[in-house]
Amino acid sequence: MTDTPFTPRVFSGIQPSGNLTLGNYLGAVRRFVEMQNSGIETIYCMVDLHAITVWQDPTDLRRHTRELAAAYLACGLDPQKSILFNQSQVPAHAQLGWVLNCVTRLGWMNRMTQFKDKAGKNAEKMSLGLYAYPSLMAADILAYKATHIPVGEDQKQHVELTRDIAAKFNHDFKVDFFPEPEPIIDGAGTRVMSLRDGTKKMSKSDPSDLSRINMMDDADTIAKKIRKAKTDPEPLPDNLDDLADRPEARNLINIYAGISGQTPADVITQVAGQQFGQFKPLLADLAVAHLSPIADEMRRLMGDVSEIDRILGDGANRAAEIAEPILAEAYDIVGFVRSR
Ligand code: AMP
Ligand code: TRP
């Protein structure tokens, strides 16, 4: 991590929109846990305000929020060490979000590739919230003056936008108030691809369940999805360069590396010359051994929803204690009268 004049503080979030995937785990949650255990203050959010930018059934949203909390806990996030909460319980996010909507320029928003990908040809029918979402994401981060943001590759552009928004706020109001946060994107799992198409991101919302491994999948389902994963007829080479034109093979090597905590270069030397008929069972065994205990723990935690809600409420109180004074100072800088 590079130095900044601001106290280091980690913030990240995941949308509770269902089907937490292996991509979320390797790209995000596992790295949240590493950062929690590195001695820096860590704040991790279930971003329910972001989730409703596309339609969410209310009953499902509530269940998915608790499931995501269960996943955070089952993967090793500890509510004593990290602040864990759902975004809608801390109003400062939406409040600062409005101020930042008025700092952010439309031209910047028009460059956001995720909106273009999600909206496709239907931009006219999308919610205003989906379009404005990166500015709310900036508010999530800046309400805590967070400096380090662990995310997967697809969120890099949004964290860079947050830097631009912070810099424009500081410049417009002639202050040095918000830090310019850094995206932390490293390791083999920052872009886990679909098991059906190695050129597409593994995603919660892919219509094909075979395209992803869900954190709640049982052992048989994980093994079946890996067995059916798209590959090519060639054996595995002994170096990564030879995987350049083989996205599916490259993805399976990356997944193996991500789960086992090795580098892709180490993995390829161990499995050089193997056919997929040999390599896939190895990967399936590794994935099942690693993920099954997490799924079991998630199911156990989901058996006591009131305990999850208690943890989220407590986390929200602690989060609000940090965010409210920052919001108040931002309001003062903007020139709002505060008299209560
Ligand atoms: P989302 O599911 O879009 O809320 O994403 C939550 C976090 O998981 C973000 O940091 C994403 O960058 C990360 N993420 C989502 N999908 C993947 C993927 N396929 N590979 C790596 N990281 C991912
Ligand atoms: N936009 C992120 C995603 O879809 C989730 C998110 C919302 C987030 N607010 C955040 C991530 C703040 C990091 C920091 O994956």
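On a 1 Å grid over the protein atoms alone, a pocket is an open set of points with protein on both sides within 12 Å along at least five of seven lines, while a cavity is a set where a 1.4 Å probe fits but cannot get out; lining residues have an atom within 4 Å of a point. We're working with a predicted model, where local features need pLDDT of at least 70, side-chain atom pairs count only at pLDDT 80 or more, and totals for chains, interfaces and linings use all residues. Residues are numbered from 1 along each chain as its sequence is written, chains are lettered from A and ligands numbered from 1 in the order in which they are written, and side-chain values use heavy atoms, with hydrogens and water left out.

**Exercise 1. Describe the largest pocket and its lining.**

Step 1: start with the volume, which is about 1,300 Å³. A volume here is the space filled by probe spheres set on the grid points, joined across faces, edges and corners.

Step 2: look at the walls. There are 46 lining residues, and Q15, Q114, D154, Q155 and K201 lie nearest the centre.

Step 3: sort the lining by class. You get 15 nonpolar, 21 polar and 10 charged residues. Ala, Val, Leu, Ile, Met, Phe, Trp, Tyr, Cys and Pro count as nonpolar, Asp, Glu, Lys and Arg as charged, and the others, Gly among them, as polar.

Step 4: trace the lining back to elements. Among those supplying at least two residues each are β1 (9-14), α6 (113-119), α7 (128-142) and α8 (156-172). Helices (H or I, at least four residues) and strands (E, at least two) are DSSP runs, numbered from the N terminus.

**Exercise 2. Work out how ligand 1 is held.**

Step 1: place the ligand. Ligand 1 takes up space in the largest pocket, a call that requires more than half of its atoms to lie within 2 Å of the grid points.

Step 2: list the neighbours, meaning residues with a heavy atom within 4 Å. Ligand 1 has 17 residues around it, with G152, D154, V192, M202 and K204 coming nearest. By class, this shell splits into five nonpolar, eight polar and four charged. Helix α1 (residues 22-36) is the top contributor, giving four residues.

Step 3: find polar contacts (pairs of N or O atoms within 3.5 Å; within protein, one must be able to donate a hydrogen and the other to accept it, and residues adjacent in sequence count only if both atoms are side-chain atoms). A polar side-chain atom of K204 sits 2.7 Å from an oxygen atom of ligand 1. Backbone polar atoms join in too: one of V192 is 2.8 Å from a ligand 1 nitrogen, and one of G23 is 3.2 Å from a ligand 1 nitrogen.

Step 4: check the burial. On its own, ligand 1 exposes 480 Å², and the protein buries 93% of that. These accessible areas come from the Shrake-Rupley method with a 1.4 Å probe; for residues, only the protein chains shown count as cover.

**Exercise 3. Repeat the analysis for ligand 2.**

Step 1: ligand 2 sits in the largest pocket, with 13 residues around it; Q15, Y133, M137, D140 and Q155 come nearest.

Step 2: α7 gives the most to this shell, with four residues. The classes are seven nonpolar, five polar and one charged.

Step 3: the side chains of Y133 and D140 each put an N or O atom by a ligand 2 nitrogen, at 2.4 Å for Y133 and 2.7 Å for D140. Q155 adds a polar side-chain atom 3.1 Å from a ligand 2 nitrogen. Taken alone, ligand 2 exposes 370 Å², of which the protein buries 91%.

**Exercise 4. Find the enclosed space.**

Step 1: count cavities of 30 Å³ or more; the structure holds one. The volume of the largest cavity is about 50 Å³.

Step 2: name the lining, made of Q114, F115, K118, L130, Y133, P134 and H158. The elements giving two or more of these are α6 and α7.
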